[in-house]
Amino acid sequence: MHTDTVHPFGEHPHWSESFYFNFYDRAKDVCGFMRIGLKPNLSIKEMFCYFMMPDGSVVGLRETVPFDGPGLAAKGLKFEMLEPERLWRLCFTGGMERTTDRKAKKSHVELDLRFEALNDVFDYRSCVSGRSEEVSNKVASEHLEQVGRLRGRLSTGLDDFEIDALGERDHSWGVREWTAPKGWTWLTCQFSESHAINLTKLVVEGDVVDAGFIFLDGKNIPIVKADLNVNMDFAKNPMSFDMTLHDRDGGAHRVFGSVMKRVVLQFKSHDGSLVSSMNETLSRYNTAGKTGYGIAEFLSRTE
């Protein structure tokens, strides 16, 4: 079965299949991230789509809608696979809220982008086995990543942009409960069309799993260990981070990151007893004299 297809549904109530895309257009200073999640056993689809704009405002929408089949469409957002593992079309048409200085107003948004892959799909199973695999089973154990270039158009009512950006897509399936892990850090950065990094550090009740890759000169090199330090402000929002990524070929990559913009999303457990907060940030990265940009995601559970 192709990795880009929707898989047979599992039996767990929180079995989920998730498709996610992000991008950052450096010239236009426009960052976007979007997701459609299928939860057939709860009879729902989850979606969100957000844009961090040059003026500091956020344009976005987050909804849960009734499950109407395995199609990748929800509340105006649609993902269409044009060529397996290589080419996707991302579309949105509808209303979103534009928030500036805590004031919100409605905007009509139209998005039409094409995602074209720059590397081969990377399977996190290249990094995870044994005890790490057992821990990962609690949070969408099947997990694929791919770097890409996104081109197209975004209109937010006030602005029209021709987008030419680098970004990443994520496809995962399995049991997903947002409040199951104590937290995770998911870092993505594109330095160029031929150099990118991806890291997930997952924390589940004292266990830590590292996974990810270095994409360099046409090759995906699995990460075997990551030394990561995150600096928070007084409100426990991440502000900067530094890390050393150890790859399977014996390389060590020192990387520094700083948060530029953020959107904070909250997720409640099904019974409402637990809450996890997710900082979805646009971050600037530096390594070996190179500067790159990408989404840095920080999820933490309120104990």
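This passage describes the cysteines and the largest pocket of a predicted model.

The cysteines were examined with regard to disulfides. A disulfide is a covalent bond between the sulfur atoms of two cysteines. A search of the whole structure returned zero disulfides, and the surroundings of individual cysteines were therefore considered with the cut-off in mind, since a pair is counted as a disulfide when its sulfur atoms are within 2.5 Å. For C127, the closest cysteine sulfur belongs to C189 and lies 18 Å away, which is too far for a bond. C189 likewise takes part in no disulfide, the nearest cysteine sulfur to its own being that of C31, at a distance of 12 Å. With regard to accessibility, C127 counts as buried because its relative accessibility is 19%, a value under the 20% that sets the limit for this class. C189 is also classed as buried, because its relative accessibility is 0%.

Attention was then turned to the largest pocket, which encloses about 490 Å³ of space. Its lining is made up of 20 residues, and those that lie nearest the centre of the pocket are M232, K236, F298, L299 and S300. When the lining is sorted by class, 10 of its residues are nonpolar, seven are polar and three are charged. Several strands contribute to this lining, with at least two residues coming from each of β12 (183-192), β13 (195-204), β15 (219-232), β18 (275-287) and β19 (290-302). Among the contributors to the lining of the largest pocket, β15 provides the largest share, which amounts to four residues.

Key:
Residues numbered from 1 in each chain as written. Predicted model: local features only at pLDDT ≥ 70, side-chain atom pairs only at ≥ 80, totals over all residues. Heavy atoms only, no water. Buried < 20%, exposed > 50% of the residue type's maximum accessible area, 1.4 Å probe, protein only. 1 Å grid on protein atoms, 1.4 Å probe; cavity = no way out; pocket = protein on both sides within 12 Å on 5 of 7 lines; lining within 4 Å. Points joined across faces, edges and corners; volume = space filled by probe spheres on them. Nonpolar A, V, L, I, M, F, W, Y, C, P; charged D, E, K, R; others polar.
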